[in-house]
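Biologist: I should be grateful for a close look at a single part of this protein, namely its nonpolar interior, together with the helix packing and ring contacts that can be described alongside it. Please set these out as one connected account.

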Amino acid sequence: MSVRYSLKGDEEDEGYWNQKEKRQNFFDDADDENEIIDWTGTRIEEFTGPRVTSARGTNKNASFTKPSRPVEIANNFPKTGEKISKPSFRLTTSSETVGTKNLSKPTSSSASSLESAVKRDSKLSHTEVSKLYAEVTSLKRKLQSSERSRWDAPKVSDTIIRMVMGEPFSLEMYKSLPDKLTLLDSAIEYHDGNSITAIVLFLKKTLKNSIFISELRKRPVAINHYAVYLRSMGDEEVLASQLQTLGRKEEAAMCRYRLTLQESSPQARYQSMKKCTDLYFEGYKILHRETVLLREQCSLLNKQILIEGADSKASRERKPPFADCPKEAELYFLPLITTLYYCCKYHFNQSQSSISSPESLVKEFNMSEKQYVMTAAKACANQRKWADLETLLAPKKWIMKTKKPTVGFDRIVGILLKAKAPNDILQKYMLMMDDATKRLETAKKYKIHSVVIETLKQMRDLRGLQNYRTEVKYGSSEDIQLQTLLKNTSIKWKT
């Protein structure tokens, strides 16, 4: 039990100066633990800080604080001739000065006094006070337990739920490999892509590469999310390397192929594509078809490089065929069918032995005759080379109609119409269309009167001829042709 001293004036004691000296000694030894009192014993203020108690419960450091109002103290001094009483001392228990801050850490020696003080001040029962003490003790234990477990890793399930719900989380407290793998497996079970990706990146940072690759290979779902993350970051080089290490050879090969397409120089792309084919595609049965296509692409790019080199020089020197038809664009990186169109446009009549010959291109890349005829017809029609078009569409095997052409003339007529060919060319090839009904509709649509009259004659449609008289100009060649047919009695018209 802590004690303190209370000073009261007594008018029946020794002289004034002796009493003043004693009081001054008390004030010099005082500290900030005790309350401040005046000479009458009235408490001015109370200090509620901690007290230092001896083993017997007495305060060895008990002292007094100097009064803060010396003028009032001086006024209270006795005048000359008056008796000065000897100060008396009174021991008081700490229960008399219990404050709200002194209840924080009760000791065993002062428990009863605290209990009585609380009961007296707040009128609480002994049971309620005990409950308060029990609650304080429980809170202290929980605080200590929380401090001890501050750096312990939380449950894996709790962390995964926080990740799925978008709440703050930390993975750094998981140190052991089993805990890390449990994290990844739990995220996969929840089917949450963001959680899987975050944990995979955590494993990548905290595990050896060999262990990381070994464990990730056992989890294809994690590999998929990891690959999507790397692709979204635009790091194709790392993606290709990781996929190759993880055993995804097909995906790694395609990733390497995409890297080759990023080369802007034709020569650099050709070398990169050739290397990619040899290292990542060749030898894999599952990639056999892709390997063939990639080799054809390499050959096409090489051919484009050679053709473009020669044609650029000829275009600068204004040599044929670029003197009459200037070169519009470079040949690099164009598709095969566009390359064929280019060759048909500028090198249609070259021999098959020439590198820029359309026939050599068709033969090397095993193109169909239909592809060649359609592409060459477009090139000739756009160039308005009608003689070349006739040569293309009338080979020896088509003479006397012994064999039907590979491409129907209705499609040729469509090409000519887009190229705005003259009427005589349109009339010539419209009459070669096999379907009379379609030919009649096309001729009426584009007002090719001679084709309409000839088709109606072949169909022996007398009423159609009579009705069509209003469409032709009077006195024109088509009108004369129509009148001649109507007067011909040898034709057996349909009724």
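Modeller: **The nonpolar core and its surroundings**

The largest nonpolar core has 55 residues, and those touching the most other members are Y372, L389, L392, L393, L416 and Y429. The greatest contribution to this core comes from helix α16 (residues 369–383), which supplies eight residues. These descriptions rest on a predicted model. In soluble globular proteins, nonpolar side chains tend to be buried together.

Y372 illustrates how such a member is surrounded. Once its neighbours within four places in sequence are set aside, Y372 contacts L340, C344, F348, P358, E359, V362 and L392. Another core, of 29 residues, lies apart from the largest one and includes I160, L171, I213 and I223.

Y429, named above among the core residues that touch the most other members, also takes part in a ring pairing. The structure contains five aromatic pairs. In one of them, F409 and Y429 are stacked, with 6.3 Å from centre to centre and 20° between the planes. F409 belongs to helix α18 (residues 409–418) and Y429 to helix α19 (residues 423–430), so this pair ties together parts that are 20 residues apart in sequence. Both partners can be placed by their accessibility: F409 has a relative accessible area of 12% and is therefore buried, while Y429 is buried at 4%.

A second pair has another geometry. Y332 and F333 are tilted, at 6.3 Å centre to centre and with 50° between the planes. F333 has a relative accessible area of 35%, so this residue counts as partly exposed. Over the ring of F333 sits the charged end of R269, 3.8 Å from the ring centre. Elsewhere, F322, Y342 and Y346 make up one aromatic cluster.

R269 leads to helix α12, where this residue is buried along with P266, Y270, M273, C276, T277 and F281. Viewed down the axis of α12, the buried residues fall within an arc of 130°, so they line one face of the helix. Their packing partners are α11 (249–260) and α13 (288–316). The length of α12 (residues 266–281) can be checked as well: at 1.5 Å a residue, its 16 residues should span 22 Å, and the end C-alpha atoms are 21 Å apart, which agrees. Just after α12, G283 adopts a positive phi of about 100°.

Definitions and conventions. Residues are numbered from 1 along each chain as its sequence is written. This is a predicted model: local features need pLDDT of at least 70, side-chain atom pairs count only at pLDDT 80 or more; totals for chains, interfaces and linings use all residues. Side-chain values use heavy atoms; hydrogens and water are left out. A nonpolar core is a set of buried Ala, Val, Leu, Ile, Met, Phe, Trp, Tyr and Cys residues joined through side-chain atoms within 4.5 Å. Buried means under 20% relative accessible area, exposed over 50%, partly exposed in between (1.4 Å probe, protein chains only). Helices (H or I, at least four residues) and strands (E, at least two) are DSSP runs, numbered from the N terminus. Contact means heavy atoms within 4.5 Å. The expected span of a helix is 1.5 Å times one less than its number of residues. The arc is that of the directions from the helix axis to the C-beta atoms. Rings of Phe, Tyr and Trp (its six-membered ring) pair if their centres lie within 6.5 Å; planes under 30 degrees apart count as stacked, over 60 as edge-to-face and the rest as tilted. A charge sits over a ring if NZ of Lys or CZ of Arg is within 6 Å of the ring centre and within 35 degrees of the ring normal.
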